[in-house]
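Colleague: I'd like to learn how to read a model like this one, feature by feature. Could you take me through it?

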Amino acid sequence: TSTIEIMVPADRKVSTADLVVQVSPTMMGAILDSLPYLIEYPYGCVEQTMSRFMPAVSVAQTLKQSGVSLEEIGKRRRLAYADLPPAKDPVFHTAALEHIVEQGLQRLYSFQNGAGGWGWWQSDTIDPFITAYVVNGLRIAKAAGAPVDEGRFQNAVNALKRNIEKEEDLHRAAYCAYVLAECKALDKKPADHLYERRGDMNSYGRALLAMAMHLSGQKDKAEVCIRNMEDFVKVDEKNGLAWWDREDRWAWWYWYGDDVEANSAILRAYIMVDGKNPNVERVAKWLLMNRDGVRWKSTRDTAHAVLALCEYAKASGELSPEYTADIELDGKLLKSFGVTGENVFTLHGETGLKGDAIETGKHTITVKKSGKGTAYWCVYLKYFTTEEDLKAGSSKMDVAR
């Protein structure tokens with residue numbers, strides 16, 4: 001059960017009042033909204049090419065596992081966004097997505113250098129970080145059934161193994177270690193070296209190391225990394241949020257200084273190592289609330305956030321719910337919704353009142369959920385005020401002109 005109070009002022013134009021309560025069983029809608037931005041971005045370098053199709057492939061696989069086709073989701077989106085032409089939504093067409101993935105793979109193959117890895121651009125010398133990013137993307141694409149060239153993939157993994165031994169940047173080495181562990185190719189020596197140096201990393205680095213340790217079978221060390229990471233967490237109990245700020249202020253220029261990317265990695269580490277931790281839900285909510293419209297700040301951190309939230313949706317059971325949600329206003333039932341795996345993407349979970357049906361004064365809105373799954377809910381109250389002086393409220397929204 002969750003409750004909120006609202007105040008309806010007497011000084012209002014009564015006919016304009018509109019109270020809406022919305023319930024949604026999954027955050028996948030927000031994730032889907034960000035994909036066209038990634039797909040339509042004018043890509044050039046290796047990182048942008050990988051950021052283009054990797055999240056789309058991951059989301060497609062998540063939908064497939066829940067028994068929903070891309071085309072079906074595309075139809076529902078076009079009903080919801082009538083002004084969005086089909087040509088602008090290629091990610092929701094299986095054939096179009098396969099074409100985008102094939103294009104991306106061929107472009108990446110053409111950028112792969114003789115050492116088996118990648119730099120930022122074609123003909124660049126190997127960059128361990130970019131190579132790790134591509135290897136991880138190819139791994140995700142392979143798992144989703146994309147036709148990844150196995151020879152090229154193994155050459156890249158071998159290149160990463162050669163480079164981690166001489167990598168001096170701890171955060172870059174931690175990222176390489178995580179990717180190698182995902183590929184079941186992480187050796188004990190570099191893993192142990194990084195674990196001993198974990199105190200010199202920020203929380204992003206420790207999250208990567210926690211996943212590397214967990215995947216390589218050293219689960220006790222993974223749990224230590226999580227506990228070390230939690231020394232720097234910020235929690236907003238009232239709003240149910242948890243997040244990590246940049247601990248090393250000088251690192252703002254580097255990838256491991258990006259707050260969205262860092263919190264995405266931290267969420268994934270929690271899901272993998274300590275899935276019952278209350279911070280799992282809090283970090284997911286922080287990521288969702290820190291979007292800039294339908295995306296985050298860049299192609300790269302948007303790609304990371306989408307991957308993390310997809311994993312959260314699967315781990316939290318959002319895609320296979322079985323519950324009833326009752327909406328009450330001042331103790332009286334407004335509407336009841338039955339939520340199942342069949343309607344998780346189609347539920348129109350909305351109810352409310354209009355005009356003079358909304359009485360002046362304080363009202364209590366309550367949502368009661370019975371069963372398995374997550375219920376995201378929000379309340380909107382709109383009216384034209386006739387008050388002389390408007391008092392400021394508070395919100396988690398920032399407005400800039």
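**Reading the sheets, helices and overall fold**

Modeller: Let's begin with an open sheet of three strands, in the order β7-β2-β9, with antiparallel pairing. At its edges stand β7 (350-354) and β9 (376-385), each with a single partner strand, so one side of each has no neighbour in the sheet. From one strand to the next, the twist averages 10°. This is a predicted model, where local features need pLDDT of at least 70 and side-chain atom pairs count only at pLDDT 80 or more, while totals for chains, interfaces and linings use all residues. Residues are numbered from 1 along each chain as its sequence is written, and side-chain values use heavy atoms, with hydrogens and water left out.

Colleague: What counts as a strand or a helix, and what makes two strands a pair?

Modeller: The general idea is that strands of a sheet pair through backbone hydrogen bonds, either parallel or antiparallel. Here, helices (H or I, at least four residues) and strands (E, at least two) are DSSP runs, numbered from the N terminus. Two strands pair if DSSP finds at least two bridges between them. For the twist, axes are lines fitted to C-alpha atoms, and angles run from 0 to 180 degrees between N-to-C directions. As a case, five bridges join β2 (residues 12-24) to β7, the two running antiparallel, and D18 stands opposite K354 in β7.

Colleague: In what order do the four strands of the other open sheet come?

Modeller: The order is β1-β8-β5-β6, and the pairing is antiparallel. The edges are β1 (2-8) and β6 (332-340), each with a single partner strand, so one side of each is left without a neighbour in the sheet. Neighbouring strands here are turned by 15° against each other on average, direction ignored.

Colleague: How many bridges join β1 to β8, and how many join β5 to β8?

Modeller: Seven bridges link β1 and β8, which run antiparallel, and β5 and β8 pair antiparallel over eight. I365 in β8 is a handy landmark: I4 has I365 as its bridge partner, and L329 stands opposite I365 too. Moving on to the edge, β5 (residues 322-329) is joined to β6 by eight bridges, again antiparallel, with I327 partnered by K335.

Colleague: Is K362 buried or exposed?

Modeller: First, the scale: buried means under 20% relative accessible area, exposed over 50%, and partly exposed in between, with a 1.4 Å probe and protein chains only. K362, found in β8 (residues 361-372), is exposed at 53%. Contact means heavy atoms within 4.5 Å, and K362 touches E5, I6, M7 and D330, leaving out residues up to four places away in sequence. K362 and I6 are 356 residues apart along the chain, yet their C-alpha atoms are separated by 5.8 Å.

Colleague: And which residue would show me the buried end of that scale?

Modeller: Try L32 in helix α1 (residues 28-40): at 5% relative accessibility, L32 counts as buried. L32 and A60 are 28 residues apart in sequence and 9.8 Å apart in space, C-alpha to C-alpha.

Colleague: How far does helix α2 reach from its first C-alpha to its last?

Modeller: You compare the span with an expected value, 1.5 Å times one less than the number of residues. Helix α2 (residues 46-65) has 20 residues and reaches 29 Å, close to the expected 28 Å. Of those 20 residues, 17 are buried, so α2 is largely enclosed by the rest of the structure. Just after α2, G67 takes a positive phi of about 85°.

Colleague: Which helices do the buried residues of α8 pack against?

Modeller: In α8 (residues 188-196), the buried residues are P190, A191, D192, L194 and Y195. They pack against α6 (150-164), α7 (170-182), α9 (203-215) and α10 (219-229).

Colleague: Zooming out, how many helices and strands are in the chain?

Modeller: The chain has 13 helices and nine strands. Its radius of gyration is 23 Å, close to the 21 Å that the globule rule gives for 401 residues, so the chain is as compact as a globular protein of that length. That radius is taken over C-alpha atoms, and the rule is 2.2 Å times the number of residues to the power 0.38. Buried residues make up 51% of the 401. Among contacts between residues at least 6 apart in sequence, 71% join residues at least 24 apart.
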